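Visitor: I am new to this structure. Show it to me, and let me ask how each label is earned.

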Amino acid sequence: MTSTTPFPVWRARPRAIPRIDRWPQAVRSAELLRGALARCGPGLRPVGWPETPRVRAAALAPWLAPDRIAIRMSAAWIWGAARDPGAPLEFSTAGRRRPARRVHPDHLLHQFGYAEDAVERLGDFSVTTPEQTVHDLLRLPAGFTARHRVACRLLLQLVPDGRRGVAERLCAQHAQYRALARERLSGL
């Protein structure tokens, strides 16, 4: 029996990242002190799991419910374009659902409408794609800082056609803050 490849090729599903947010607080504290858990942004991750977008999204599990989408700097951090997700964390409800009127001191919950191709699933959680994250950051109404510029530059490396493609699609999207976004993009 001959084969074209020397070893069998299996397509295994990626292993599920442990949901540390479901562990009792005492167990999390003990495992953190023992060294089995490490800080990952505002959350925790098992030491044996490297910081990847899926692991970072899982670290935000206490805030990033299945019906929420990580956006702006929270999404930039998940994609590895920021050192930390910043404070407050930013999320949007999925499907343009109206968020509850509660005030959360540690995160902001928006009601944005995203197309299906603007959101990517990472395990159990959703995050805006690198390109959509760039669009969101460029359209910030105020406070576009050096941190935002660096995140946009790094995210542009994850976009297949880079700055040129982002500039073309900015012109095709809605007009709100378009001129400001184009000006910021040209200044990157």
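Guide: We will take the labels one by one. The model is a predicted one.

Visitor: Why is L185 called buried?

Guide: Buried means under 20% relative accessible area. L185 has 4% relative accessibility, so L185 counts as buried. L185 lies in helix 7.

Visitor: What is L185 in contact with, beyond its neighbours within four places in sequence?

Guide: Contact means heavy atoms within 4.5 Å. By that rule the partners of L185 are L138, L156, R163, V166, A167 and L170. Take L170. L170 and L185 are 15 residues apart in sequence. From C-alpha to C-alpha they are 9.7 Å apart in space.

Visitor: What makes helix 4 "mostly covered"?

Guide: Helix 4 spans residues 130–138, and 9 of its 9 residues are buried. They are P130, E131, Q132, T133, V134, H135, D136, L137 and L138.

Visitor: Which elements do the buried residues of helix 4 pack against?

Guide: There are helices and a strand in the list. The helices are helix 3 (72–78), helix 5 (146–156), helix 6 (162–172) and helix 7 (178–186). The strand is strand 7 (125–128).

Visitor: Why is strand 4 called largely enclosed?

Guide: Strand 4 covers residues 89–93, and 5 of the 5 are buried, so strand 4 is largely enclosed by the rest of the structure.

Visitor: How do you know that both faces of strand 4 are covered?

Guide: In a regular strand the side chains alternate between the two faces of the sheet. On one side of strand 4 are L89, F91 and T93, and on the other are E90 and S92. These residues are all buried, on both faces.

Visitor: How do you know that strand 4 pairs with strand 3, and in which sense?

Guide: Two strands pair if there are at least two bridges between them. Strand 3 (residues 68–70) and strand 4 have 3 bridges, so they pair, in the antiparallel sense. In strand 4, S92 stands opposite I69.

Visitor: What about strand 4 and strand 5: how many bridges, and is the sense parallel or antiparallel?

Guide: Strand 5 (residues 107–110) and strand 4 share 4 bridges, in the parallel sense. F91 has L109 of strand 5 as its bridge partner.

Visitor: Why are C40 and C152 called buried?

Guide: The cut-off is again under 20%. C40 has a relative accessible area of 1%, so C40 is buried. C152 is at 0%, so C152 is buried too.

Visitor: How many disulfides are counted?

Guide: A disulfide needs a pair of cysteine sulfur atoms within 2.5 Å. By this rule the count is 0.

Definitions and conventions:
Residues are numbered from 1 along each chain as its sequence is written. This is a predicted model: local features need pLDDT of at least 70, side-chain atom pairs count only at pLDDT 80 or more; totals for chains, interfaces and linings use all residues. Side-chain values use heavy atoms; hydrogens and water are left out. Buried means under 20% relative accessible area, exposed over 50%, partly exposed in between (1.4 Å probe, protein chains only). Helices (H or I, at least four residues) and strands (E, at least two) are DSSP runs, numbered from the N terminus.
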